[in-house]
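Visitor: I have the model open and some questions ready. Could you walk me through it?

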Amino acid sequence: MEDRAALLSTFQASFFAMTRLSPLHWERLRGELEKDKSPELIAAILKKLEQMCLEPLDELYEGLAGVLSDQKSEDCYKTYLLPGGGAVTLTESVALVSQGTTGLVTWEAGLHLAEWAGEHLEAFSGRVVLELGCGVGLTGLVVCRGCSPSRYVFSDFHPSVLRRLRANLELNGLGEGPAGGADGGGVVRVEELDWESVSEERLREIGADTVIASDVVYDPDLLPGLVRLLSLVLSCSSPEAPQVFICSPIRNPDTYNSFKRQLEAAGVGHEVIRGAGRQVLSYHRASAIEMMQLTLHTQ
Ligand SMILES: C[S@@+](CC[C@H](N)C(=O)[O-])C[C@H]1O[C@@H](n2cnc3c(N)ncnc32)[C@H](O)[C@@H]1O
């Protein structure tokens with residue numbers, strides 16, 4: 001019975017996160033249906049979905065069908081159910097790359113980093129957090145909901161990404177300015193921050209205690225700018241250097257190893273650390289993901 005309840009919850013979470021169909025637990029569902037041929041299980045799954053909706057389920061399905069059949073539509077809504085209750089909803093692009101950027105979708109590493117944050121509250125709670133290349137905002141929204149930062153600075157450089165990010169913050173009741181309240185957690189800011197050109201002065205003004213980034217190591221041409229920024233972040237803050245955590249999928253080992261070599265050459269040490277122990281958000285994990293912490297080499 002407990003097994004069945006877990007199966008229902010998985011379907012519910014996957015449905016709202018628009019997870020692809022292939023990783024769903026079809027085998028387990030088939031096993032359950034073979035044990036009990038009444039339509040009750042299917043009805044229970046539909047009911048679970050219904051519980052989350054204000055509209056009748058038929059309308060939900062009609063809306064979904066409309067979205068799927070509308071080839072012109074580039075956007076969708078994804079809702080991630082949070083382990084402690086509540087949810088984060090984002091508008092994202094359907095395509096992985098659109099409007100010339102990879103920043104309009106949430107990537108696996110962003111979800112993994114959010115899960116890792118939930119297991120490492122000490123790195124976020126009461127601290128100023130700067131996120132680099134934050135994309136549409138999933139990681140930061142989950143951190144703001146669950147990790148109580150004193151201030152959370154979302155940053156990216158692409159105009160469409162920043163526009164979408166602001167819309168997603170509004171959608172989740174976390175517009176810029178004091179958010180407060182049981183849900184909000186802290187003060188949220190959005191910064192246009194380009195790794196290539198950000199100044200030391202700007203980083204000092206932000207005054208981050210913790211700096212995080214996910215899926216930012218993917219284009220060899222971006223690495224020099226990113227490494228320059230990371231080295232600046234570690235050296236210009238006072239009195240203490242911030243803690244810096246980078247979460248990366250290992251898609252191309254050559255690019256990833258080149259990043260590590262460029263860090264070393266810039267005097268930045270990296271230590272591979274344990275990633276999130278438990279997957280609590282609903283997504284299909286396809287790549288190996290590595291978490292690393294960066295520190296400045298002492299002379
Ligand atoms: C693959 S996406 C990752 C988005 C998000 N962190 C996630 O994990 O879902 C890479 C992000 O880095 C941003 N980015 C790329 N080059 C950048 C630069 N020079 N300065 C700031 N952000 C940059 C992109 O706009 C994009 O949002």
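**Ligand, helices and core**

Guide: This is a predicted model. The ligand is surrounded by 23 residues. The closest are Gly103, Gly110, Gly133, Gly135 and Phe157.

Visitor: Which class has ten residues in the shell around the ligand?

Guide: Sort the shell by class. Nonpolar residues number nine and charged residues four. The class with ten is polar.

Visitor: How many helices and strands does the protein chain have, and what percentage of its residues is buried?

Guide: The protein chain has eleven helices and ten strands. It has 299 residues. The buried share is 34%.

Visitor: What share of the protein chain's contacts with a separation of 6 or more joins residues 24 or more positions apart?

Guide: Take the contacts in the protein chain with a separation of 6 or more. Count those whose residues are 24 or more positions apart. They account for 70%.

Visitor: How far does helix H5 reach from its first C-alpha to its last?

Guide: H5 covers residues 108-119, twelve in number. At 1.5 Å a residue, 16 Å is expected. The model comes close to that, at 17 Å.

Visitor: Is H5 largely enclosed or open, and what covers its buried residues?

Guide: Ten of the twelve residues of H5 are buried, so the helix is largely enclosed by the rest of the structure. Among the buried ones are Gly110, His112, Glu115 and Trp116. The cover includes H6 and the strands S7 (210-214), S8 (243-249) and S10 (289-296).

Visitor: How many residues of helix H6 are buried, and which are they?

Guide: H6 spans residues 138-146. Eight of its nine residues are buried, so H6 too is largely enclosed by the rest of the structure. The buried ones are Leu138, Thr139, Gly140, Leu141, Val142, Val143, Cys144 and Arg145.

Visitor: Which residue follows H6 with a positive phi?

Guide: Look just past the helix. The phi there is near 50°. The residue is Ser148.

Visitor: Which residues touch the most other members of the largest nonpolar core, and which helix gives that core its largest share?

Guide: This core has 70 residues. Val129, Leu138, Val143 and Leu230 touch the most other members. The largest share, seven residues, comes from helix H10.

Visitor: What does Leu138 touch, not counting residues up to four places away in sequence?

Guide: Leu138 is one of the buried residues of H6. Its partners include Gly110, Leu111 and Ala114, which are buried residues of H5. The full set is Tyr80, Val88, Leu90, Thr106, Gly110, Leu111 and Ala114.

Visitor: Is strand S7 largely enclosed or open, and which residues point which way?

Guide: Five of the five residues of S7 are buried, so the strand is largely enclosed by the rest of the structure. Thr210, Ile212 and Ser214 point one way. Pointing the other way are Val211 and Ala213.

Visitor: Which residues are the bridge partners of Ile212 in S3 and S8?

Guide: S3 (residues 128-132) and S7 run parallel, joined by four bridges. S7 and S8 also pair in the parallel sense, over five bridges. The partners of Ile212 are Glu131 and Phe245.

Visitor: Is Glu122 buried or exposed, and how far is its C-alpha from that of Pro149?

Guide: Glu122 sits in the loop between H5 and S3. Glu122 has 10 C-beta neighbours inside 10 Å, so it counts as exposed. Pro149 is 27 residues away along the chain, and the two C-alpha atoms are separated by 9.8 Å.

Methods: Residues are numbered from 1 along each chain as its sequence is written. This is a predicted model: local features need pLDDT of at least 70, side-chain atom pairs count only at pLDDT 80 or more; totals for chains, interfaces and linings use all residues. A residue is buried if 20 or more other C-beta atoms lie within 10 Å of its own, exposed if 12 or fewer, and partly exposed in between; C-beta atoms are placed from the backbone. Helices (H or I, at least four residues) and strands (E, at least two) are DSSP runs, numbered from the N terminus. The expected span of a helix is 1.5 Å times one less than its number of residues. Two residues are in contact if their C-beta atoms, placed from the backbone, lie within 7 Å. A residue is near a molecule or strand if its C-beta atom, placed from the backbone, lies within 6 Å of it. Ala, Val, Leu, Ile, Met, Phe, Trp, Tyr, Cys and Pro count as nonpolar, Asp, Glu, Lys and Arg as charged, and the others, Gly among them, as polar. A nonpolar core is a set of buried Ala, Val, Leu, Ile, Met, Phe, Trp, Tyr and Cys residues joined through C-beta atoms within 7 Å. Two strands pair if DSSP finds at least two bridges between them.
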